[in-house]
Amino acid sequence: MSGPRILAIESSCDETGVAVVTGGRRIEANQVASQVALHAATGGIVPEVAARQQLRWIVPTLEATMDQARATWESLDAVAVTYGPGLIGSLLVGVNFAKALSVAHELPLVGVNHIEGHIYANWLADAEPGAPLPAEPAFPLLCLIVSGGHTQLVLMHDHGRYTLLGQTVDDAAGEAFDKVGRLLGLPYPGGPAISDAAAGAKPATRFPRARTRGTYDFSFSGLKTAVLREVAGFRDRGEPIPVDGIAAAFEESVVDALATKTVAAARDHDVAAVALGGGVAANRALRGTLASRLGAEGLPLLVPPPAWCTDNGAMIGAAAGFRFTAGDRADAALEAIPNLALPWLGPS
Ligand code: KG4
Ligand code: ZN
(Lines give C-alpha, C1' and ligand atoms only; values in the text may rest on other atoms or scores of the structure.)
(Ligands and ions follow the chains in the order given, each with its own letter.)
Protein backbone atom coordinates (compact mmCIF):
# COMPACT_ATOMS: atom_id res chain seq x y z
CA MET A 1 0.00 0.00 0.00
CA SER A 2 1.15 3.52 -0.63
CA GLY A 3 1.76 6.11 2.02
CA PRO A 4 4.44 6.56 4.65
CA ARG A 5 5.63 3.56 6.69
CA ILE A 6 5.80 4.87 10.25
CA LEU A 7 7.25 3.46 13.45
CA ALA A 8 4.97 4.72 16.24
CA ILE A 9 5.61 4.81 19.97
CA GLU A 10 3.06 5.24 22.77
CA SER A 11 4.20 5.54 26.40
CA SER A 12 1.86 8.12 27.94
CA CYS A 13 0.55 6.03 30.80
CA ASP A 14 0.95 2.38 31.77
CA GLU A 15 1.16 0.58 28.43
CA THR A 16 4.27 0.51 26.29
CA GLY A 17 3.07 0.38 22.69
CA VAL A 18 5.16 0.22 19.53
CA ALA A 19 3.70 -0.30 16.05
CA VAL A 20 4.49 -0.08 12.36
CA VAL A 21 1.61 1.47 10.40
CA THR A 22 1.55 2.19 6.66
CA GLY A 23 -0.44 5.01 5.11
CA GLY A 24 -1.99 5.85 8.49
CA ARG A 25 -4.25 2.82 8.16
CA ARG A 26 -2.63 -0.56 7.69
CA ILE A 27 -1.14 -2.21 10.79
CA GLU A 28 1.98 -4.21 9.98
CA ALA A 29 2.98 -4.81 13.59
CA ASN A 30 1.50 -3.75 16.92
CA GLN A 31 3.05 -4.81 20.23
CA VAL A 32 1.83 -3.68 23.64
CA ALA A 33 3.51 -4.39 26.98
CA SER A 34 0.88 -3.79 29.66
CA GLN A 35 1.58 -2.98 33.31
CA VAL A 36 -1.96 -3.80 34.40
CA ALA A 37 -0.95 -6.85 36.47
CA LEU A 38 1.71 -4.81 38.27
CA HIS A 39 -0.64 -1.94 39.14
CA ALA A 40 -3.33 -4.39 40.29
CA ALA A 41 -1.12 -5.07 43.33
CA THR A 42 -1.33 -1.40 44.41
CA GLY A 43 -4.94 -0.94 43.23
CA GLY A 44 -3.94 1.86 40.85
CA ILE A 45 -1.11 3.47 38.94
CA VAL A 46 1.91 4.74 40.85
CA PRO A 47 3.44 7.20 38.33
CA GLU A 48 7.07 6.52 39.29
CA VAL A 49 6.51 2.78 38.89
CA ALA A 50 4.81 3.35 35.51
CA ALA A 51 7.76 5.42 34.25
CA ARG A 52 10.30 2.83 35.38
CA GLN A 53 8.34 0.09 33.62
CA GLN A 54 8.23 2.15 30.42
CA LEU A 55 12.03 2.26 30.54
CA ARG A 56 12.16 -1.49 31.24
CA TRP A 57 9.90 -2.45 28.31
CA ILE A 58 10.48 0.05 25.53
CA VAL A 59 13.47 -1.70 23.92
CA PRO A 60 12.02 -5.24 23.99
CA THR A 61 8.70 -3.90 22.64
CA LEU A 62 10.50 -2.10 19.80
CA GLU A 63 12.48 -5.24 18.95
CA ALA A 64 9.33 -7.39 18.91
CA THR A 65 7.62 -4.86 16.61
CA MET A 66 10.53 -4.61 14.16
CA ASP A 67 10.63 -8.43 14.03
CA GLN A 68 6.87 -8.73 13.51
CA ALA A 69 6.91 -6.15 10.70
CA ARG A 70 10.15 -7.58 9.27
CA ALA A 71 11.13 -3.92 9.04
CA THR A 72 14.60 -2.51 8.48
CA TRP A 73 15.40 1.07 9.49
CA GLU A 74 15.92 1.97 5.82
CA SER A 75 12.36 0.82 5.03
CA LEU A 76 10.82 3.36 7.45
CA ASP A 77 9.76 6.92 6.58
CA ALA A 78 9.39 8.41 10.06
CA VAL A 79 9.33 7.84 13.81
CA ALA A 80 6.20 9.06 15.62
CA VAL A 81 5.62 9.44 19.33
CA THR A 82 2.94 10.54 21.79
CA TYR A 83 4.13 13.78 23.46
CA GLY A 84 1.00 14.39 25.57
CA PRO A 85 -1.36 14.34 27.36
CA GLY A 86 -0.26 11.81 29.97
CA LEU A 87 2.04 11.17 32.92
CA ILE A 88 5.24 13.19 32.59
CA GLY A 89 7.63 10.40 33.61
CA SER A 90 6.02 7.91 31.22
CA LEU A 91 5.83 10.42 28.35
CA LEU A 92 9.51 11.36 28.72
CA VAL A 93 10.60 7.78 28.12
CA GLY A 94 8.85 7.55 24.74
CA VAL A 95 9.73 11.08 23.64
CA ASN A 96 13.44 10.72 24.40
CA PHE A 97 13.57 7.24 22.90
CA ALA A 98 11.86 8.44 19.69
CA LYS A 99 14.24 11.42 19.43
CA ALA A 100 17.24 9.13 19.78
CA LEU A 101 15.90 6.75 17.11
CA SER A 102 15.15 9.64 14.78
CA VAL A 103 18.69 11.03 15.09
CA ALA A 104 20.45 7.65 14.98
CA HIS A 105 18.55 6.44 11.90
CA GLU A 106 18.15 9.83 10.22
CA LEU A 107 14.36 9.62 10.17
CA PRO A 108 11.90 12.52 10.47
CA LEU A 109 10.17 12.82 13.87
CA VAL A 110 6.40 13.34 14.24
CA GLY A 111 4.81 14.35 17.57
CA VAL A 112 1.29 13.01 18.16
CA ASN A 113 -1.44 14.03 20.60
CA HIS A 114 -2.67 10.94 22.49
CA ILE A 115 -6.35 11.94 22.14
CA GLU A 116 -5.91 12.33 18.39
CA GLY A 117 -4.47 8.81 18.44
CA HIS A 118 -7.64 7.47 20.12
CA ILE A 119 -9.72 9.16 17.40
CA TYR A 120 -7.57 7.81 14.57
CA ALA A 121 -7.86 4.24 15.89
CA ASN A 122 -11.05 4.36 13.78
CA TRP A 123 -8.90 4.55 10.61
CA LEU A 124 -6.93 1.38 11.41
CA ALA A 125 -7.25 -1.92 9.59
CA ASP A 126 -5.24 -5.11 9.74
CA ALA A 127 -6.02 -6.21 6.19
CA GLU A 128 -3.43 -8.40 4.50
CA PRO A 129 -0.98 -6.54 2.24
CA GLY A 130 -2.60 -6.05 -1.16
CA ALA A 131 -6.13 -6.56 0.18
CA PRO A 132 -8.45 -3.54 -0.06
CA LEU A 133 -8.92 -1.42 3.05
CA PRO A 134 -12.39 -0.63 4.41
CA ALA A 135 -13.82 2.81 3.62
CA GLU A 136 -12.50 5.72 5.68
CA PRO A 137 -14.77 7.39 8.28
CA ALA A 138 -16.84 10.22 6.77
CA PHE A 139 -16.92 13.87 7.97
CA PRO A 140 -18.34 15.60 9.89
CA LEU A 141 -17.56 12.91 12.42
CA LEU A 142 -18.68 13.11 16.05
CA CYS A 143 -16.07 11.50 18.33
CA LEU A 144 -16.74 10.35 21.88
CA ILE A 145 -13.39 9.91 23.61
CA VAL A 146 -13.73 8.04 26.88
CA SER A 147 -10.53 7.00 28.66
CA GLY A 148 -8.98 6.89 32.10
CA GLY A 149 -7.99 10.55 31.84
CA HIS A 150 -10.49 12.09 29.40
CA THR A 151 -14.18 12.25 28.54
CA GLN A 152 -14.74 14.52 25.55
CA LEU A 153 -17.30 14.97 22.79
CA VAL A 154 -15.38 16.24 19.78
CA LEU A 155 -16.77 17.37 16.45
CA MET A 156 -14.22 16.48 13.77
CA HIS A 157 -14.83 18.60 10.66
CA ASP A 158 -11.94 17.18 8.67
CA HIS A 159 -8.47 15.73 9.28
CA GLY A 160 -6.88 17.65 12.15
CA ARG A 161 -9.83 20.09 12.52
CA TYR A 162 -11.70 19.76 15.81
CA THR A 163 -14.28 21.57 17.90
CA LEU A 164 -14.69 20.62 21.55
CA LEU A 165 -18.45 20.26 22.16
CA GLY A 166 -18.35 19.05 25.75
CA GLN A 167 -16.29 17.28 28.38
CA THR A 168 -16.41 16.04 31.92
CA VAL A 169 -16.53 18.71 34.59
CA ASP A 170 -14.98 16.34 37.19
CA ASP A 171 -13.95 12.67 36.83
CA ALA A 172 -13.24 11.00 33.50
CA ALA A 173 -15.51 8.04 32.69
CA GLY A 174 -12.66 5.52 33.06
CA GLU A 175 -11.61 7.14 36.34
CA ALA A 176 -15.19 6.69 37.63
CA PHE A 177 -15.11 3.00 36.62
CA ASP A 178 -11.76 2.54 38.37
CA LYS A 179 -12.83 4.34 41.58
CA VAL A 180 -16.16 2.51 41.80
CA GLY A 181 -14.39 -0.79 41.09
CA ARG A 182 -12.15 -0.17 44.09
CA LEU A 183 -15.20 0.79 46.20
CA LEU A 184 -16.86 -2.51 45.31
CA GLY A 185 -13.71 -4.49 46.11
CA LEU A 186 -13.19 -5.47 42.46
CA PRO A 187 -9.69 -5.92 40.97
CA TYR A 188 -7.87 -3.08 39.14
CA PRO A 189 -8.63 -1.77 36.57
CA GLY A 190 -12.25 -1.26 37.51
CA GLY A 191 -13.55 -0.82 33.94
CA PRO A 192 -13.30 -4.40 32.68
CA ALA A 193 -14.02 -5.77 36.20
CA ILE A 194 -17.28 -3.80 36.50
CA SER A 195 -18.24 -4.70 32.96
CA ASP A 196 -17.78 -8.43 33.78
CA ALA A 197 -19.62 -8.16 37.12
CA ALA A 198 -22.50 -6.27 35.49
CA ALA A 199 -22.92 -8.69 32.58
CA GLY A 200 -26.25 -10.45 33.01
CA ALA A 201 -26.91 -8.85 36.43
CA LYS A 202 -30.11 -6.96 37.25
CA PRO A 203 -29.42 -3.36 38.37
CA ALA A 204 -29.78 -3.25 42.20
CA THR A 205 -31.05 0.34 42.12
CA ARG A 206 -31.36 3.37 39.84
CA PHE A 207 -28.55 5.84 40.34
CA PRO A 208 -29.11 9.52 39.48
CA ARG A 209 -27.98 10.99 36.12
CA ALA A 210 -25.85 14.13 36.34
CA ARG A 211 -27.60 17.47 35.92
CA THR A 212 -25.65 18.95 33.03
CA ARG A 213 -28.74 19.83 30.95
CA GLY A 214 -28.33 22.29 28.11
CA THR A 215 -24.68 21.40 27.60
CA TYR A 216 -22.77 18.45 26.17
CA ASP A 217 -20.78 18.21 29.41
CA PHE A 218 -20.59 15.20 31.69
CA SER A 219 -20.25 14.76 35.44
CA PHE A 220 -19.50 11.52 37.25
CA SER A 221 -18.44 12.52 40.76
CA GLY A 222 -22.04 12.65 42.08
CA LEU A 223 -22.61 9.15 40.80
CA LYS A 224 -19.49 7.95 42.58
CA THR A 225 -20.82 9.43 45.86
CA ALA A 226 -24.20 7.76 45.26
CA VAL A 227 -22.48 4.38 44.88
CA LEU A 228 -20.49 5.04 48.06
CA ARG A 229 -23.74 5.77 49.98
CA GLU A 230 -25.45 2.69 48.59
CA VAL A 231 -22.54 0.46 49.63
CA ALA A 232 -22.40 2.09 53.09
CA GLY A 233 -26.15 1.43 53.52
CA PHE A 234 -25.71 -2.31 53.02
CA ARG A 235 -22.70 -2.30 55.34
CA ASP A 236 -24.58 -0.40 58.10
CA ARG A 237 -27.47 -2.83 57.90
CA GLY A 238 -25.06 -5.75 58.09
CA GLU A 239 -26.36 -7.03 54.74
CA PRO A 240 -24.19 -8.56 52.00
CA ILE A 241 -23.31 -6.05 49.26
CA PRO A 242 -24.91 -7.02 45.91
CA VAL A 243 -21.73 -6.22 43.99
CA ASP A 244 -22.99 -7.38 40.59
CA GLY A 245 -26.28 -5.47 40.92
CA ILE A 246 -24.54 -2.25 42.00
CA ALA A 247 -22.01 -2.64 39.19
CA ALA A 248 -24.88 -3.05 36.73
CA ALA A 249 -26.70 0.03 38.07
CA PHE A 250 -23.51 2.10 37.93
CA GLU A 251 -22.67 0.98 34.40
CA GLU A 252 -26.24 1.67 33.27
CA SER A 253 -26.03 5.23 34.63
CA VAL A 254 -22.65 5.99 32.98
CA VAL A 255 -23.70 4.47 29.66
CA ASP A 256 -27.01 6.34 29.69
CA ALA A 257 -25.27 9.68 30.36
CA LEU A 258 -22.69 9.11 27.62
CA ALA A 259 -25.22 7.85 25.07
CA THR A 260 -27.80 10.59 25.75
CA LYS A 261 -25.35 13.45 25.17
CA THR A 262 -23.74 11.74 22.20
CA VAL A 263 -27.04 11.15 20.41
CA ALA A 264 -28.12 14.76 21.11
CA ALA A 265 -24.85 16.15 19.74
CA ALA A 266 -25.02 13.91 16.68
CA ARG A 267 -28.56 15.16 15.94
CA ASP A 268 -27.76 18.83 16.60
CA HIS A 269 -24.68 18.83 14.36
CA ASP A 270 -26.05 16.66 11.59
CA VAL A 271 -22.99 14.41 11.51
CA ALA A 272 -22.23 11.65 9.01
CA ALA A 273 -21.26 9.13 11.68
CA VAL A 274 -20.20 8.74 15.31
CA ALA A 275 -16.83 7.28 16.31
CA LEU A 276 -15.79 5.92 19.72
CA GLY A 277 -12.30 5.93 21.16
CA GLY A 278 -10.39 5.41 24.42
CA GLY A 279 -10.24 2.54 26.91
CA VAL A 280 -13.91 2.82 28.00
CA ALA A 281 -14.94 2.35 24.35
CA ALA A 282 -14.03 -1.31 25.00
CA ASN A 283 -17.15 -1.46 27.23
CA ARG A 284 -19.77 -3.81 25.76
CA ALA A 285 -22.80 -2.05 27.27
CA LEU A 286 -21.64 1.32 25.90
CA ARG A 287 -21.04 -0.09 22.44
CA GLY A 288 -24.40 -1.88 22.40
CA THR A 289 -26.48 1.02 23.74
CA LEU A 290 -24.87 3.58 21.44
CA ALA A 291 -25.19 1.33 18.40
CA SER A 292 -28.91 0.81 18.98
CA ARG A 293 -29.76 4.45 19.87
CA LEU A 294 -27.77 5.79 16.90
CA GLY A 295 -29.18 3.08 14.67
CA ALA A 296 -32.66 4.40 15.47
CA GLU A 297 -31.47 7.75 14.06
CA GLY A 298 -30.05 6.08 10.96
CA LEU A 299 -26.51 6.92 12.05
CA PRO A 300 -23.55 4.52 11.83
CA LEU A 301 -21.37 3.92 14.91
CA LEU A 302 -17.67 3.28 14.34
CA VAL A 303 -15.88 1.40 17.11
CA PRO A 304 -12.35 0.03 16.95
CA PRO A 305 -11.85 -3.54 18.24
CA PRO A 306 -11.22 -3.46 22.04
CA ALA A 307 -7.44 -3.93 21.65
CA TRP A 308 -7.22 -0.70 19.62
CA CYS A 309 -9.44 1.21 22.13
CA THR A 310 -7.02 0.84 25.03
CA ASP A 311 -3.61 2.49 24.64
CA ASN A 312 -1.45 1.13 21.82
CA GLY A 313 1.14 2.26 19.28
CA ALA A 314 -0.97 1.58 16.17
CA MET A 315 -3.39 4.42 16.94
CA ILE A 316 -0.41 6.79 17.20
CA GLY A 317 0.82 5.50 13.83
CA ALA A 318 -2.62 6.20 12.34
CA ALA A 319 -2.70 9.82 13.52
CA ALA A 320 0.96 10.22 12.52
CA GLY A 321 0.16 9.05 8.98
CA PHE A 322 -2.14 12.01 8.54
CA ARG A 323 0.22 14.44 10.33
CA PHE A 324 3.25 13.30 8.30
CA THR A 325 1.40 13.63 4.99
CA ALA A 326 0.25 17.12 6.04
CA GLY A 327 3.93 18.07 6.52
CA ASP A 328 4.07 18.08 10.33
CA ARG A 329 7.61 17.54 11.59
CA ALA A 330 9.06 17.73 15.10
CA ASP A 331 12.73 17.98 16.04
CA ALA A 332 15.06 17.56 18.99
CA ALA A 333 13.17 20.39 20.74
CA LEU A 334 10.02 18.22 21.07
CA GLU A 335 8.94 18.20 24.70
CA ALA A 336 6.59 15.97 26.67
CA ILE A 337 3.49 18.02 27.61
CA PRO A 338 1.38 16.34 30.35
CA ASN A 339 -1.71 18.54 29.77
CA LEU A 340 -1.49 18.85 25.97
CA ALA A 341 -4.86 19.70 24.35
CA LEU A 342 -6.02 19.21 20.78
CA PRO A 343 -5.79 22.38 18.64
CA TRP A 344 -9.44 23.43 19.06
CA LEU A 345 -11.22 25.57 16.50
CA GLY A 346 -13.74 28.11 17.76
CA PRO A 347 -17.40 27.15 18.40
CA SER A 348 -19.06 25.63 15.32
O1 KG4 B 1 -7.37 4.78 26.91
P2 KG4 B 1 -6.87 4.02 28.08
O3 KG4 B 1 -6.22 2.67 27.83
O4 KG4 B 1 -5.83 4.86 28.89
C5 KG4 B 1 -5.98 6.25 29.03
O6 KG4 B 1 -5.64 7.00 28.06
O7 KG4 B 1 -6.51 6.65 30.10
O8 KG4 B 1 -8.10 3.86 29.08
C9 KG4 B 1 -7.99 3.19 30.31
C10 KG4 B 1 -9.35 3.22 31.00
C11 KG4 B 1 -9.32 2.68 32.43
O12 KG4 B 1 -9.97 3.60 33.28
C13 KG4 B 1 -10.11 1.38 32.33
O14 KG4 B 1 -10.81 1.04 33.52
C15 KG4 B 1 -11.08 1.69 31.20
O16 KG4 B 1 -10.30 2.42 30.28
N17 KG4 B 1 -11.61 0.48 30.57
C18 KG4 B 1 -12.92 0.14 30.59
C19 KG4 B 1 -13.02 -1.11 29.93
N20 KG4 B 1 -11.77 -1.47 29.51
C21 KG4 B 1 -10.92 -0.48 29.90
N22 KG4 B 1 -13.97 0.76 31.13
C23 KG4 B 1 -15.18 0.18 31.00
N24 KG4 B 1 -15.38 -1.02 30.41
C25 KG4 B 1 -14.33 -1.70 29.85
N26 KG4 B 1 -14.53 -2.88 29.26
ZN1 ZN C 1 -5.54 6.51 26.21
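Tutor: Donors to a metal are N, O and S atoms within 2.8 Å of it. The model discussed here is predicted.

Student: What makes H114, H118 and D311 donor residues of the zinc ion (ligand 2)?

Tutor: The coordinating atoms are NE2 of H114, NE2 of H118 and OD of D311, at 2.0 to 2.1 Å. The cut-off is 2.8 Å for N, O and S atoms, so these atoms count as donors. Along the sequence the spacing of the donor residues reads H-x3-H-x192-D.

Student: Where in the chain do H114 and D311 lie?

Tutor: H114 belongs to helix α4 (residues 114-120), while D311 sits in the loop between α10 (306-309) and α11 (313-325). The two residues are 197 residues apart, and the pair links distant parts of the chain.

Student: Why is H114 called buried?

Tutor: Its relative accessible area is 6%. Buried means under 20%, so H114 meets the criterion.

Student: Is D311 buried or exposed?

Tutor: D311 has 14% relative accessibility, and because the limit for buried is under 20%, D311 counts as buried.

Student: How do you know that β7 (residues 151-158) and β8 pair?

Tutor: Pairing requires at least two bridges, and β7 and β8 have six, so they pair; the sense is antiparallel. L153 stands opposite G166 in β8.

Student: What makes β8 and β10 edge strands?

Tutor: The open, mixed sheet has five strands in the order β8-β7-β6-β9-β10. β8 (161-167) and β10 (301-302) each have a single partner strand, so one side of each lacks a neighbour in the sheet. Helix α8 (residues 243-268) packs on the sheet, touching β6 (141-146), β7, β8 and β9 (273-277).

Note on methods: Residues numbered from 1 in each chain as written. Chains lettered and ligands numbered in written order. Predicted model: local features only at pLDDT ≥ 70, side-chain atom pairs only at ≥ 80, totals over all residues. Heavy atoms only, no water. Donors = N, O, S within 2.8 Å, 3.2 Å for Na, K, Ca; no water. Helix = DSSP H or I, 4+ residues; strand = E, 2+ residues; numbered from the N terminus. Buried < 20%, exposed > 50% of the residue type's maximum accessible area, 1.4 Å probe, protein only. Contact = heavy atoms within 4.5 Å. Axes fitted to C-alpha atoms, helices over the stretch in contact; angles between N-to-C directions.
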